[in-house]
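Biologist: I am new to reading models, so could you take one part and go through it slowly with me? I would like a close look at how helices pack against each other, and then a walk outward to whatever else is worth seeing.

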Amino acid sequence: MKVLGISAHYHDSAAALLVDGVPVCAVQEERLSRHKNDAAFPAAAIEWCLNHAALEPADLDAVVFYERSMLKFERILTCALRAFPRSWRSFPNAMKNSLGEKVWARGIISSHLGVPRDKILFTQHHESHAAAAFLTAPTRRAAILTADGVGEWATLTVGHGERRRDGRTDITLLREIRFPHSLGMLYSTFTAYLGFAVNEDEYKVMGLAAYGRPTLTGQVGKLIRRTPDGAFALVPEYFEYQTTASRSYSSRFVELFGPPRNPYDPIDLETADGRRFADCAASVQRVLEDTLVDIARALHQETGLSDLCFGGGVALNGVANARILAESGFERLFVPPAPGDAGCAVGAALYADRIYLGNPDRDVPDHPFWGPEVDAKELARAAREDDQDVIELEDAAMIERVADELAADRVIGWMDGATEFGPRALGHRSILAAPHSHEMRDRLNRDIKYREEFRPFAPVVPIEAADTYFELPPGGARLARFMSGVFPVRPEWRARLAAITHIDGSARLQALEREMAPRLHALLEAYGRRSGIPVLLNTSFNLSGEPIVTRALEGYSTFRRCGIDVLVAGPTLVSKRATVRARPLKEDVAWWSGSLAGSGGV
Amino acid sequence: MSPLARVAPLDRILLPVHRWVWNDFDRRVRKLLAFAEVESDGGRDILRAAEVTPDALLRRLYLEHAIDELHHGDLFRQRGAALLRTRSTRLRTLFNGTPLPGGHGLDDLSIQDEPDHRLLAFLHVAEKAAAGRFTIYRDLVDDDPQTRAIFEEILRDEVFHMNYTYTQLARVMPRSYRWQVWRARASRLWKRYLRVAAGIASVVGNAVLTIMYFILLPPFAWMARRAERREPVGWTPISRTRDDSPTGQY
Ligand SMILES: [Fe+2]
Ligand SMILES: [Fe+2]
Ligand SMILES: [Fe+2]
């Protein structure tokens, strides 16, 4: 049975394909369209998935959309009504936005794919999150927690799931917290207030939090109060997102926290304002963690289960995840590599397959590599045409060569196999570098990622060695499988792991099992033989504002535009040649211009 | 071909408007920041062209072009930000973004699906127009040498872009390159017309929706608010009986 899952229209669209209950591929639209956070209908992602599996749309048994679009529209309309007459400005755009395309999900899917309308199914947004978290995790019974900005109405749900011996699957969501009460929206509001891009830069708030002290939790506590039943409610006077589409915090919010940050101003922690912003970040981070830990602890007591599966965009918060693992009573915490809305494409397909269609339970491979493969020949051809240094090496020789380059402080663009599904680069589309010095961190920030310097880089370490360098609690290595937890670097190693140790001594590490990415694992070991420490700095292979690279040529064009020294795709290694530079090319072309001018140009 | 950018007649007529825009501090900053986005977006599109073209020389040129445009984006952004820092402005209210998702606009062209000659013709026409505009702006910011210097620098690049796209177009389409340029010009005008038409339609649509808002919504708004007051806060149980029809959008 072939089931296509689709997530679209709001943030980060994606498509995923299940064949006989097992995912065969999944990709975010942005990785193909090259528009970051592409929210358009994922036509390219769907086409790629179908091609990859050699299927025609007519072969599909079901196409599943990840949320109930009419229910979402109902929420948007209801909120506009509740805010009458203050919502008059935003009402026309909200209606046009929804009525243009988003409400008609069924029609759009059927017109794009030509599948009959009765094959198009819908799950609820948080059911998709729940399935993406639970059915991809190697557990048979678990509690389920989902939290994000908002789906249809729900912003947070709790429940449990079971994959039964007889092959049937249960997913029961027990309770939900409804819009406008939302941890995701609370965090995003601070993201906007702190001058970062909402729905995108939430992790910068988490990074900034480490520089501040949670001195403003009292003020944050005025925005969010706990309800007697253990849930929470936001105090609407401080927010505007529920009434307008263009602002998230109100003037009362500004009275409470002071003027917002101008996004074009760098954050200077030497100034009072800079420290205030860091304290704001630390405080909302603390409140988010405390709330999640309380909800998870209550869920643990209620279900008595030892595993928790956590999905939704809030599950990208690695600091909160580590605290949930440490304090809620659950022994294991599973966060999928794509807990956000893109992952709902997989979740919706799995939910429909197991619950709606009643198909038998299947194990889902425990890795994040579901996208297009890299074509090393494409890289070799382009690089040779451009007179770059290209060599081809056998696997073992390649690993040794790259380890040598890393040991010589060169920065590597590393492409290997299929792309990751989800926002993290987990070893198939990564920029790798030596993790030891502040200089390397600064160089990466300055010459490669072109980004704010308060953000830490992440390390990757073989799972066998993780405990030597990092303080992992029980269950920590699992959380670190997809870089979902932030843990302390052991104090004795911090000085030698300076490029990946955050100001508070922590790191968002990836603990790598050999089977998951054998070449990267071998590279870590080879690098360990040279440096004594089998740890590498691993950051996503993209420049700021761009999606992670997919094809070899995207890696190559990135390599050509920034300070990456060596580019690797499969057996192909390209070293940057200093002489291939811009001006000679321009002069070259000037000749063309001159010759044409003679013949009479424009 | 003259290396100097020519100012379009329309822009000459609109000179007082341009002057009005550039003379105001807030508007100037806003313009610079908007240019930053336009240049960066353009840079990414051209980067895409470099990644998909089968032509090795074009790939190198597009790549250099993209690097230039991304650099222009940075220059505008830095200058806008620097000006912003010199004074507090009304712009601050613009930064209160919302986490609720928005939509997509009208894209000018889909790089992946365009053959190189179409793209080159389009770029040539666009670069020429940009160069003309930037010449005006450079002259209008005489009071601000740093911004002027940025326009100077960018103008040099734009002239290069304008030239190489033309010569490459002549290379890949030696027989019909002039016709390609005319076609690109016509399609640019058509797109501009579409954009204006869509803009007008949007204004009319907004007006109709706003009227409906005030005429039709009040009773429903009253009911919605009453219902809201009755709504409990905290947990809402998810009933097993809730409509779980797999094909329902509700
Ligand atoms: Fe979500
Ligand atoms: Fe430019
Ligand atoms: Fe240009």
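**A helix and its partners**

Modeller: Let's start where helix α8 (residues 202-209) of chain A packs against helix α11 (residues 272-303) of chain A, at an angle of about 105° and with the axes 7 Å apart. That angle makes α8(A) roughly perpendicular to α11(A), a label for 65 to 115 degrees; under 35 is roughly parallel, over 145 roughly antiparallel, and the rest oblique. Axes here are lines fitted to C-alpha atoms, for helices over the stretch in contact, and angles between N-to-C directions run from 0 to 180 degrees. Helices (H or I, at least four residues) and strands (E, at least two) are DSSP runs, numbered from the N terminus.

Before we go on, this is a predicted model, where local features need pLDDT of at least 70 and side-chain atom pairs count only at pLDDT 80 or more, while totals for chains, interfaces and linings use all residues. Residues are numbered from 1 along each chain as its sequence is written, chains are lettered from A and ligands numbered from 1 in the order in which they are written, and side-chain values use heavy atoms, with hydrogens and water left out.

Back to the helices. On the α8(A) side, the contact (heavy atoms within 4.5 Å) uses V205(A), M206(A), L208(A) and A209(A). They meet F277(A), A278(A), A281(A), A282(A), V284(A) and Q285(A) of α11(A). Together these residues divide into nine nonpolar, one polar and no charged. In this count Ala, Val, Leu, Ile, Met, Phe, Trp, Tyr, Cys and Pro are nonpolar, Asp, Glu, Lys and Arg are charged, and the others, Gly among them, are polar.

Helix α11(A) has another partner to look at: helix α7 (residues 183-193) of chain A, whose axis comes within 11 Å of that of α11(A) and crosses it at roughly 175°. That makes α7(A) roughly antiparallel to α11(A). From α7(A), the residues involved are L183(A), L186(A), Y187(A), F190(A) and Y193(A). Among the residues they meet in α11(A) are F277(A), V284(A) and Q285(A), which also belong to the contact with α8(A). The α7(A) contact has 10 nonpolar, two polar and one charged residue.

Just before α7, in the loop between β8 (169-178) and α7 of chain A, you will find P180(A). The peptide bond from F179(A) to P180(A) is cis, with omega near 5°. Another cis bond joins F84(A) and P85(A), with omega about -5°, and P85(A) sits in the loop between α3 (69-82) and α4 (91-100) of chain A. Most residues other than glycine have a negative phi, and most peptide bonds are trans.

With that in mind, look at D409(A), which is not a glycine yet has a positive phi near 65°. D409(A) lies in the loop between α15 (395-407) and β15 (412-415) of chain A, and at 41% relative accessibility it counts as partly exposed. M483(A) has a positive phi too, about 60°, but M483(A) is buried, with a relative accessible area of 2%. Buried means under 20%, exposed over 50%, and partly exposed in between (1.4 Å probe, protein chains only).

For another buried spot, try G5(A) in strand β1 (residues 2-7) of chain A, with a relative accessible area of 0%. G5(A) and V64(A) are 59 residues apart in sequence, but their C-alpha atoms are 4.8 Å apart in space. Other contacts of G5(A) include A14(A), A345(A) and A349(A).

T550(A), in the loop between β22 (536-540) and α21 (552-561) of chain A, counts as buried at 1% relative accessibility. Leaving aside neighbours within four places in sequence, T550(A) touches R31(A), R34(A), P372(A), T419(A) and R429(A).

Finally, hop over to chain B, where E69(B) bridges the iron ion (ligand 3) and the iron ion (ligand 2), which lie 3.4 Å apart. E69(B) lies in helix α4 (residues 56-86) and E127(B) in helix α5 (residues 116-140) of chain B, so the pair ties together parts that are 58 residues apart in sequence. E69(B) is buried at 5%, and E127(B) is buried at 6%.

Notes. Donors are N, O and S atoms within 2.8 Å of the metal (3.2 Å for Na, K and Ca); water is not among the atoms, so sites may look incomplete.
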